[in-house]
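Subject: Structure for you to look at

Hello,

I am passing on a structure that you have not worked with before. My notes follow it.

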Amino acid sequence: MNNIDGSDRHLKTEEAPPPSLLTIVLDTNPHAWAHLSSTLSLSAALANILIFINAHLASGNTNEVAVIASHSHKTSYLYPTKTPSQPTRNGDTNGDVEMNGNGTGRSHQESPNKYRPFAVVESTILQNFAKLLNETNESHLAATPTTLIGGALSLALTYISKSTLQHAPVTSGTENSMAALADAENVHVDRVALTSRILIVSVSGDLANQYIPVMNSIFAAQRKKIPIDILKLAGDTVLLQQASDATGGVYMKPERPEGLLQYLMMAFLPDATARASLVIPSAGGVDFRAACFCHRKVVDVGFVCSVCLSIFCEPNLPDNLCLTCGSYLSLRAALTNPPALIPKKKKKKRKAGTDTATPGGSTPAGSSTPVHP
Amino acid sequence: MSAPSSSQALEYLQGLPLQTHRRLYEAPATVLAVFRCMLPHLAKTLVMAMLYMPASFPESQLNAWFKPGATREKSHALFVLAQLHILDTTREDDGKRTHSLSPGFKRSLRHALEGSGRDGSFGVSATAEESRGERRVSVEYLDEYAKAQWETILFYMVGGAAGVDVKSEIGAGTKKLLHTGDLVRTFHGQPRITKEGFTFVLQETNAQVWNLLIVYLRMVNDLGMNETDVLSFLFMLGSLELGQAYSTSTLTATQLQMLDDLSAMGIVFRSTKDARVFYPTRLATTLTSESGGLNTSGSSNSSSTSSASQGFIIIETNYRLYAYTNSLIQIAIISLFCKLQHRFPNLISGKLTKESVHKAVSQGITSSQIISYLTTYAHPQMQKNKTFIPPTVMDQIRLWEYEGERVETENGYLMREFSTQAEYKDVKKYAEECGVLKWSSDEKRMFFISHVEQVSAYLKSKKGPR
C-alpha cells in the first residue's frame with residue numbers, strides 16, 4: 001500500500017548515458033613522425049586510432065566522433081567531411097546527419113566482416129588523410145618544423161559547439177506552442193544534451209610560438225566544461241600539460257609509444273559518465289610556466305604589463321609601449337631593481353611592549369581593543 | 001533509452017548456459033551487438049580496457065582503478081559480465097584473483113572492431129547475379145511493409161478484447177507463436193488477449209519485437225532448430241543496412257527456415273518464398289539500436305524520422321484524455337482502459353473513469369501497465385513536466401486498482417540461517433551492491449534476493465580462502 005504514496009512517482013530513470021562526442025585532434029606533423037618512426041610509424045598509429053574510434057562508437061549507440069588533422073601548414077577535418085548532395089540516412093545515428101561523410105559509402109567494396117558504420121568512418125578518414133598527405137609538398141615542410149595545434153584546437157571547439165547546439169534539448173518555446181501541440185511529428189523531444197571531449201594525440205614539441213591561441217582555446221574549453229585529454233607520444237610541451245590540467249582531462253606521456261592502443265583503450269576511452277567512477281591518470285606535476293608574447297619563449301621569470309597582463313621576456317620594449325595593448329609601460333624601472341629573493345628576516349620573539357613603532361602590533365595578548373592616539 | 005527495450009533480451013541471454021554463450025561468441029556480429037546493447041556502461045569500459053591487455057587483470061589493480069565510492073557500480077558491472085560469461089575470474093597460485101575476458105569473446109570483439117574476421121557475420125551483400133530479376137525495393141516500401149505486417153499482428157491481439165471487429169489474417173506460424181507465448185488465448189473460437197499480451201501491446205515497438213523474438217527463441221528447440229544459429233542470425237540482422245539486399249547463400253538451413261517466419265512478422269522482406277536475396281526492414285535494423293522501429297501513431301508520413309517514441313497523448317488533471325492519433329490500433333488500446341467520447345480525424349478524446357480502469361484491471365491489465373503506456377506515449381508538451389502524467393491521475397489509477405488487489409508476487413530466493421551477525425551483514429551488503437536485494441529483516445537475520453547465482457558464488461569464494 002505504501003507505494004501509492006507520492007514518493008513512488010518516479011520518473012523513468014534514464015539508464016543510458018548521454019551521447020558522447022569525441023573530437024580527436026591528430027598531430028600529423030611529418031617532422032615529428034619521421035623522428036618517431038623507429039618505434040611507432042604514422043600508419044600504425046592511425047590504424048590503432050581507427051580501432052579506438054570504433055570502440056568509442058560501439059560504446060554508445062548515439063556516440064559521435066570527429067577527427068581533425070593538425071598538419072604542418074594547415075588543419076583540416078578528416079571526419080566528418082562535407083559531401084554535397086548526399087542523401088542523409090535516417091537509421092544511422094553514428095555520425096553527423098548533415099555532414100554524413102559517406103561520399104564513398106556506396107562505391108567502396110562492402111565487406112561482410114565489417115560493421116557498416118565502422119567501415120564508413122574508416123574509409124572516410126583514410127581517404128581524407130591520403131588527400132592531406134598528397135597535398136603536402138616540400139615547401140610546406142621546409143617552412144615550419146612544427147604543427148598548427150592552436151588552429152586545430154579552435155576548429156575542434158567550433159565543431160563541438162555546433163554539435164551541442166544541434167543536440168540541445170528543445171526549450172519550451174511559448175511562441176508557437178499551439179503549433180507544436182497539433183504537430184507532434186516535428187518536435188524532437190528525444191534529444192539529450194551532448195557530452196563532448198577533445199583528445200589531442202600530440203607528437204610535436206615546441207609549441208610555444210602558438211602560446212596565445214592555444215591558451216585562449218584552453219580557457220574556452222574550460223568555460224564550456226570540455227575536458228581536453230592529452231596523449232603525448234613524443235616531444236614535450238608545457239602548454240598541453242596545462243591544457244589537460246585546466247580542463248580536468250587526462251594527461252599521459254607513454255613510456256612505450258608502440259603500445260598506443262592499450263593506452264587509448266584504458267585511459268582515454270572512458271567518457272564523462274564512466275570517469276565519474278574511475279580514477280583517471282593525470283599529469284603529476286604540472287609545469288605552469290608561460291611563454292612570453294614577444295619572442296614566444298617559455299620563461300621562468302618575466303615582465304607583465306600592468307594593464308593587459310601580457311608577458312614579456314625582456315624589458316627593452318620599443319618606445320616603452322606594451323606590444324599588445326599599446327599602453328605606456330616602462331620596464332627599465334623594473335630592471336634596475338632586479339627581482340631578488342630576499343631572505344626572510346628571522347622573526348625574533350617579540351617581547352610585549354618593546355616594539356612601539358607599530359601601534360596595532362604592540363597590543364599585548366589578552367588586552368582590550370587598542371586605543372589609537 | 002536503450003535499456004528498457006533490450007532488457008528482456010539481456011535477461012534471456014543471462015539465463016543461457018555457458019556452452020551456448022561460448023558458441024554465440026564465435027560470431028563477431030553477435031559479440032558486437034551484445035557489447036553495444038546489453039552491457040551496462042561501466043562494463044563496456046571494463047571490457048574495452050581489457051580487450052587488448054596482454055596479461056590478465058589482477059583484482060587488486062582493478063580495485064585501484066575504481067574510485068572508492070563506486071563499488072556499487074563496479075559490482076554491478078562485474079555481475080553482468082560474469083553472468084554473460086564474458087569475464088573469467090581465476091585464482092592465481094598466490095591466492096590473488098585475476099580477471100580476463102573469455103577467449104572467444106575477446107577474439108570476436110577484436111575481429112569486429114578491426115574488421116578482420118573471415119566468417120562474414122555482418123551479412124553478405126547480394127551479388128549482381130543473385131539480385132537479377134529482383135526489383136529494387138525502396139526504404140519507404142520496406143517501412144510500409146514492416147508496418148503493415150506488424151500492425152496486423154497487433155490487431156489480431158487487441159481486436160477481440162477491444163470489441164473492434166477486425167478480421168485480420170496472420171500466418172499460422174505467427175498465430176502459434178502468440179499462443180505459445182501466452183499472449184493470446186482462444187475463447188469460443190475468438191482470440192482473447194491475456195495479461196501478458198497487454199504488457200506486450202503497451203510496449204514500444206522495439207521492445208515488442210524483442211519480446212516476440214524471445215518467445216520464438218524459446219520455441220526453436222521444439223522446432224528442431226539450433227538456438228545458437230537463431231540468436232546469431234538475429235544479432236546479424238541488427239547490424240545490417242536498411243535498403244540493402246543481402247544474399248541467402250551463406251545462411252544455414254536453420255536460418256533459411258527462420259527467414260520465412262521473420263518475413264511473416266515483417267522483420268525481413270522477401271519478394272518470393274524462394275528468392276535468393278532478402279531485405280532487412282527497419283524492425284530488423286533497429287533491433288540493436290535504441291531508436292524504436294516503427295511509428296504506429298503516425299499518419300502517412302513515412303519519411304519522418306523514426307525517433308524513439310512519438311508522444312501523442314495528453315492527460316489533464318480532470319482525467320480527460322486526448323490522443324492525437326488516427327491509428328486504429330492505438331485507439332483500440334486506449335479504449336481498453338479509457339471511456340472514449342469523441343473521435344475526430346486526427347484526435348480522439350475520452351475520460352479515465354473508475355469503471356473504465358476497473359474493466360481493464362478485471363481483464364488483467366495492471367495500473368503500472370497503463371501508467372507506463374501513458375508515459376511512453378506522452379505528448380511532447382506533457383514531457384516538459386516533471387512527471388509526464390499529472391500525479392493525481394497517476395495515484396488515482398493506482399488506487400482504483402488497489403481497491404481490488406493488494407499483493408504482488410515475485411520469484412526469488414530466501415537467504416537465512418546465517419551463523420553470525422557479521423556474516424549476515426556482509427552477504428547482505430554484497431547482495432545490495434549487486435542490486436538483487438529485495439527485502440531484509442535484521443532481527444530474523446534473513447533476506448530475500450531475486451537472483452542467487454552471484455551471491456552463492458560470493459559465499460563460495462568467501463569460504464575458499466579460509
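Chain B has an accessible surface of about 20,200 Å², and carbon and sulfur atoms hold 50% of that area. Please keep in mind that this is a predicted model. Of the chain's 466 residues, 57% count as buried. Among contacts in chain B with a separation of 6 or more, 67% are between residues 24 or more positions apart. The secondary structure of chain B consists of 21 helices and 15 strands.

I looked at two sheets and one helix.

The first sheet is an open one of four strands in chain B, in the order S9-S10-S12-S11, with antiparallel pairing. Its edges are strand S9 (313–315) and strand S11 (339–344); each has a single partner strand, so one side of each has no neighbour in the sheet. From one strand to the next the twist averages 20 degrees. Inside the order, strand S10 (residues 320–323) and strand S12 (residues 347–351) of chain B run antiparallel and are joined by four bridges. In this pair, B:Tyr322 stands opposite B:Ser349 in S12(B).

The other sheet is also open and belongs to chain B: three strands, ordered S13-S15-S14, with antiparallel pairing. Strand S13 (413–415) and strand S14 (437–441) are the edge strands, and each pairs on one side only. Neighbouring strands here are turned against each other by 20 degrees on average, direction ignored. S14(B) pairs with strand S15 (residues 446–449) of chain B in the antiparallel sense, over four bridges. B:Ser440 is found opposite B:Phe447 in S15(B).

The helix is H20 (residues 421–434) of chain B. Its 14 residues should span 20 Å at 1.5 Å a residue, and because its end C-alpha atoms are 20 Å apart, the expected and actual spans agree. Which residues of H20(B) are buried? They are B:Tyr424, B:Val427, B:Lys428, B:Tyr430, B:Ala431, B:Glu433 and B:Cys434. An α-helix has 3.6 residues a turn, so residues three or four places apart point the same way. What covers the buried residues of H20(B)? The cover includes helix H6 (71–83), S14, S15 and helix H21 (453–463) of chain B. Two strands of the three-stranded sheet, S14 and S15, are thus part of that cover. Just after H20(B), B:Gly435 has a positive phi of about 80 degrees.

Regards

How values were computed. Residues numbered from 1 in each chain as written. Chains lettered and ligands numbered in written order. Predicted model: local features only at pLDDT ≥ 70, side-chain atom pairs only at ≥ 80, totals over all residues. Heavy atoms only, no water. Pairing = 2+ DSSP bridges. Axes fitted to C-alpha atoms, helices over the stretch in contact; angles between N-to-C directions. Buried < 20%, exposed > 50% of the residue type's maximum accessible area, 1.4 Å probe, protein only. Contact = heavy atoms within 4.5 Å. Areas by Shrake-Rupley, 256 points an atom, 1.4 Å probe, with all protein chains shown as cover. Expected span 1.5 Å × (residues − 1).
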